[in-house]
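Open the structure in your viewer and keep the sequence panel beside it. This tour tells you what to select at each stop and what is there.

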Amino acid sequence: MKRAPRIGIALGSGSARGWAHIGVLRALAREGIEPTIISGCSIGAFVGAVAATGDLEKLGNWVESLGWQHVVGLMDMGLRGGLIKGDRLISFFERQFVDRDFTALPHLFGCVATDLHNGHEVWLREGSVSAAVRASIALPGLIAPVWQDGRLLVDGALVNPVPVSLARAMGADLVIAVELNSDVVGWAWRNRPPAGQGGEPANGNGNSNGNGAAYWSRKLLARFGRNGKPATGSNDGDAGADSDELPSMLSVMQDSISIMSVRIARSRLAGEPADVLISPRLAQLGLMDYHRGAEAIAEGEAAVELALPAIRRVLEQR
């Protein structure tokens, strides 16, 4: 008898946009499509690890209730290696979803990190799951890197933002990839809020008004004892010298990271294509908009609806 194909899913990087992975996995499950092999990078590693334990709905319920106050509460500020240490977030992960060894997971799971010393791609598939996730989410400049087995590890998005190759290496016959940044580059500049609007969240669970990165920049600076207001300085005649024309710190970071991720992802996916590529429309979500989880989840579900004909066609061919 013909063996049913082993379905793998590669969950890509994208910071707060990564909550869309929950919607993707939910929608696939409703259609009876449940991957048995999960690979993840960065936020994809975080969601993928929870999915591999069978606690996806628990994570989804928490994300949908998440307010910006909770997001700030998970930030443990530091000055060595990154603005955020990351210990508080991983401690939450371990308390809520119980750290396990990779061998104890109901589904095969692996995630990607980058060796900061030599730039090598590192596949994490052994030992503590939470330690592996902590390495994979270490976004340079934002979350501090970690030492693991003599290597200093940072975010896997530097080398493999959508780890299709890892899913195949773990034995997947068919790989569904989820890429979160396809429509991001340039979006913020095409949709800048009117002058004077900082993009602060409307309420605990509400959407940001405009560019939320400006708000999070002020929040981070405030935690360092800075007021977060742009320096006025003197105008030396340069048209760009007016500080009001400069983007916020996190705007620069998120746009730079998005450009990098999109370019690397396109290159890797061209050489290591997935059988089906799902691309939720998430450009309206900023780097730190973790409080907009319900919106991201809905976009993930909508993207699966669009991709279902292609998924069914590939399944029939196998």
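A pocket here is an open set of grid points, each a place where a 1.4 Å probe fits, with protein on both sides within 12 Å along at least five of seven lines. Its volume is the space filled by probe spheres set on the points. Keep that in mind for a later stop. Note too that this is a predicted model.

**Stop 1: the whole protein**

Show everything as a cartoon. The protein has eleven helices and ten strands. Now colour by burial. Of the 318 residues, 53% count as buried. The protein exposes about 14100 Å², and carbon and sulfur atoms supply 52% of that area. How much of the contact list joins residues at least 24 apart? Among contacts between residues at least 6 apart in sequence, the share is 77%.

**Stop 2: strand β1**

Select residues 7-11, which form β1. Five of its five residues are buried. Look at one side of the strand: Ile 7, Ile 9 and Leu 11 are there, all buried. Turn to the other side: Gly 8 and Ala 10 are buried as well. Both faces of β1 are covered.

Which strands pair with β1? Add residues 174-178, strand β9: five bridges join it to β1, and the two run parallel. Find Ile 9, with Ile 176 of β9 opposite. Then add residues 37-41, strand β2. Four bridges join β2 to β1, again in parallel. Here Leu 11 has Gly 40 as its bridge partner.

**Stop 3: Ser 15, on the way to α1**

Move along to the loop between β1 and α1, and select Ser 15. Its phi is near 50 degrees, a positive value in a residue other than glycine. Is Ser 15 buried or exposed? Buried means under 20% relative accessible area. Ser 15 has 11% relative accessibility, so it counts as buried.

**Stop 4: helix α1**

Select residues 20-30 for α1. Nine of its eleven residues are buried. They are Ala 20, His 21, Ile 22, Gly 23, Val 24, Leu 25, Arg 26, Ala 27 and Leu 28. What do they pack against? Show β1, α2 (43-53), α3, β9, β10 (276-278) and α11 (293-317) to see the partners. Just after α1, pick Gly 32: this residue takes a positive phi of about 80 degrees.

**Stop 5: the second largest pocket**

Stay with α1 and show the pocket lining. Select Leu 25, Arg 26, Ala 29, Ile 33, Glu 34, Pro 35, Ile 38, Ala 51, Gly 54, Leu 56, Glu 57 and His 107. They line the second largest pocket. The elements giving two or more residues to this lining are α1 and α3 (56-64). The largest share, three residues, comes from α1. Colour the lining by class: seven residues are nonpolar, two polar and three charged. The space inside is about 250 Å³.

**Stop 6: helix α6**

Select residues 129-136, helix α6. Seven of its eight residues are buried, so the helix is largely enclosed by the rest of the structure. The buried ones are Val 129, Ser 130, Ala 132, Val 133, Arg 134, Ala 135 and Ser 136.

Zoom in on Ser 130 in this helix. Ser 130 counts as buried because its relative accessibility is 1%. What is in contact with Ser 130, leaving aside neighbours within four places in sequence? Show Ile 90, Phe 93, Glu 94 and Asp 99.

**Stop 7: Asp 149**

Go to the loop between β7 (146-148) and β8 (151-155), where Asp 149 is found. Phi of Asp 149 is near 50 degrees, positive in a residue other than glycine. Exposed means over 50% relative accessible area. Asp 149 has 68%, so this residue is exposed.

**Stop 8: Val 184**

Finish in the loop between β9 and α8 (187-190), and select Val 184. This residue is buried, with a relative accessible area of 5%. Draw a C-alpha to C-alpha distance from Val 184 to Leu 282: the viewer should give 7.0 Å. In sequence, the two are 98 residues apart. Which residues does Val 184 touch, not counting those up to four places away in sequence? Show Arg 17, Ser 258 and Ala 283.

Terms used:
Residues are numbered from 1 along each chain as its sequence is written. This is a predicted model: local features need pLDDT of at least 70, side-chain atom pairs count only at pLDDT 80 or more; totals for chains, interfaces and linings use all residues. Side-chain values use heavy atoms; hydrogens and water are left out. Buried means under 20% relative accessible area, exposed over 50%, partly exposed in between (1.4 Å probe, protein chains only). Contact means heavy atoms within 4.5 Å. Accessible areas come from the Shrake-Rupley method with a 1.4 Å probe; for residues, only the protein chains shown count as cover. On a 1 Å grid over the protein atoms alone, a cavity is a set of points where a 1.4 Å probe fits but cannot get out, and a pocket is an open set with protein on both sides within 12 Å along at least five of seven lines; lining residues have an atom within 4 Å of a point. Ala, Val, Leu, Ile, Met, Phe, Trp, Tyr, Cys and Pro count as nonpolar, Asp, Glu, Lys and Arg as charged, and the others, Gly among them, as polar. Two strands pair if DSSP finds at least two bridges between them.
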